Amino acid sequence: FKKGAEEDITMKRLILVGLGMLMACVTRADVDFYINAHADDAVLFMGESLAEKVMLSAKDGNKVVLITATAGDAGAGTGNGLGVAPNYLAREQGHNQALQFLWGRTGAHQAKMTSTLLKLGGKSVHRGQIQPMTNQGGLAWYSLRLPDGNLEGQGYVSTGQQSLAKLNQMQMIKITAVDQSATYNKQELIQLLQDIVIKEGRGHKVVRVHLADQNQTGFNAGDHS
C-alpha cells in the first residue's frame, strides 16, 4: 500500500510539472494588435513601433496582429477609381508587401504565408498570415473592407455615403463591406473586434492594443474621423 501511495504521489508530481511546462509554453509570448482605418496607416503612422514588435515576433515568438477597418477605396468601392486596378486591392497589396518586407528584415525568411476568408462570429472576414516554421510568433492581418468614410465621416455618394463615424453616431443602422463579404450593425462590429482579439490573444501572456491618438484637438485634429 505504501509503495502504491508513493507511486501515486510521483505521478501527480509529474502531471503538475507537465502542466507547468505546458502553461509556460502557452503563456510565454505576447501579442500586439494594431487597429487602423486604412491599410497604410500602421506603417505610416506607427511604423517605428510596428517594426520593433515584428522584430520581437521573430526573436521571441511574439505575435503581431493588424486590423484594417476600411477598404481605403476613396469612394471607388470595388472599382479602379483613377487607377488601373481596384483601389482597395492595390492598397491591400501595398500593405501586405510592407509587412512581408518588415518580416524579411528580421532574418526569419523561412515562413509559411496564407490567406483565407475566415468565418468569425457568423461574419466573413479576410485574414492573411505569415507563420514562421520555428516558433509560435508571426504576423496576422484582418481586412474588414468597410467603405472609406471620406475626410469628415460623410462617406461617398458612390458607396451609399456609408461611414464608421455615422455607424458609431447611430446615423445609420448598418454598414456593408465594399466586396459584400459582410454587413454589420454597430454591436456586431464591436463583437467582431472582440472576437478577433479573443481568437488571436488566447494563450498569450500580455495583450497590447495600439490605436491612433483620439485627441481631436491635438495631434489628429480633423483626421481619420
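Where is the place of Asn150 in this chain? Asn150 sits in the loop between E5 and helix H4 (164–168). Keep that loop in mind, since we will come back to it. The structure above is a predicted model, and this report walks you through some of its features.

## Salt bridges and helix H5

Let us begin with charged side chains. Side chains of opposite charge can pair when their charged atoms come close. A search of the whole structure finds 8 salt bridges. The table shows three pairs from this model, with the distance between N and O atoms and the separation along the chain.

| Pair | N to O distance | Separation in sequence |
|---|---|---|
| Lys63 and Glu200 | 3.0 Å | 137 residues |
| Lys123 and Glu188 | 3.3 Å | 65 residues |
| Glu200 and Arg127 | 2.9 Å | 73 residues |

Take Lys63 and Glu200, which form a salt bridge. This pair links distant parts of the chain, with Lys63 in strand E2 (residues 63–70) and Glu200 in helix H5 (residues 186–201). Is Lys63 buried or exposed? Lys63 counts as buried because its relative accessibility is 14%, where buried means under 20%. Glu200 has a relative accessibility of 2%, so it counts as buried too.

Glu200 also meets the side chain of Arg127 in a salt bridge. Here helix H5 is linked to strand E4, where Arg127 lies. Both Glu200 and Arg127 are buried.

Strand E4 (residues 123–132) also holds Lys123, whose partner Glu188 is in helix H5. Lys123 is buried, because its relative accessible area is 16%. Glu188 has a relative accessible area of 33%, so it is partly exposed.

Another residue of helix H5 is Gln194. With 39% relative accessibility, Gln194 counts as partly exposed. How many residues apart in sequence are Gln194 and Gly121? They are 73 residues apart in sequence, while their C-alpha atoms are 9.9 Å apart in space.

Salt bridges can also join into a group: Asp30, Asp32 and Arg208 are linked in a network of them.

## Helix H3 and its buried face

Now turn to helix H3 (residues 87–105), which has 19 residues. From its first C-alpha to its last, H3 reaches 27 Å, close to the 27 Å expected at 1.5 Å a residue.

Which residues of H3 are buried? They are Tyr88, Glu92, His95, Asn96, Leu99, Leu102 and Trp103. Looking down the axis of H3, you would find these buried residues within an arc of 120 degrees, so they line one face of the helix. On the other side of H3, Phe101 and Arg105 are exposed.

What covers the buried residues of H3? The cover includes helix H2 (41–60), together with E2, strand E3 (111–120), E4 and strand E5 (138–146). You have already met E2 as the strand that holds Lys63, and E4 as the strand that holds Arg127. Just after H3 comes Gly107, which takes a positive phi of about 90 degrees.

## Positive phi away from glycine

Which residue of strand E5 has a positive phi? Arg145 has a positive phi of about 60 degrees, although it is not a glycine, and Arg145 lies in strand E5. Its relative accessibility is 10%, so Arg145 counts as buried.

Asn150, from our opening question, is not a glycine either, yet it has a positive phi of about 70 degrees.

## Back to the loop

Asn150 is one of the residues in contact with Ser225. Beyond its neighbours within four places in sequence, Ser225 also contacts Leu151, Glu152, Gly153 and Ala165. Ser225 is found in the segment after strand E8 (206–210). Ser225 counts as exposed because its relative accessibility is 54%. Ser225 and Gly153 are 72 residues apart in sequence, and their C-alpha atoms are 5.5 Å apart in space.

## A threonine pair

Our last stop is Thr176, in strand E6 (residues 174–176). Thr176 counts as buried because its relative accessibility is 17%. Which side chain makes a polar contact with the side chain of Thr176? The partner is the side chain of Thr183, at 2.8 Å. Leaving aside neighbours within four places in sequence, Thr176 is in contact with Leu146, Pro147, Gln162, Ala182 and Thr183.

Definitions and conventions:
Residues numbered from 1 in each chain as written. Predicted model: local features only at pLDDT ≥ 70, side-chain atom pairs only at ≥ 80, totals over all residues. Heavy atoms only, no water. Helix = DSSP H or I, 4+ residues; strand = E, 2+ residues; numbered from the N terminus. Buried < 20%, exposed > 50% of the residue type's maximum accessible area, 1.4 Å probe, protein only. Polar contact = N/O pair within 3.5 Å; in protein donor to acceptor, adjacent residues only side chain to side chain. Contact = heavy atoms within 4.5 Å. Salt bridge = Lys/Arg side-chain N within 4 Å of Asp/Glu carboxyl O. Expected span 1.5 Å × (residues − 1). Arc of directions from axis to C-beta.
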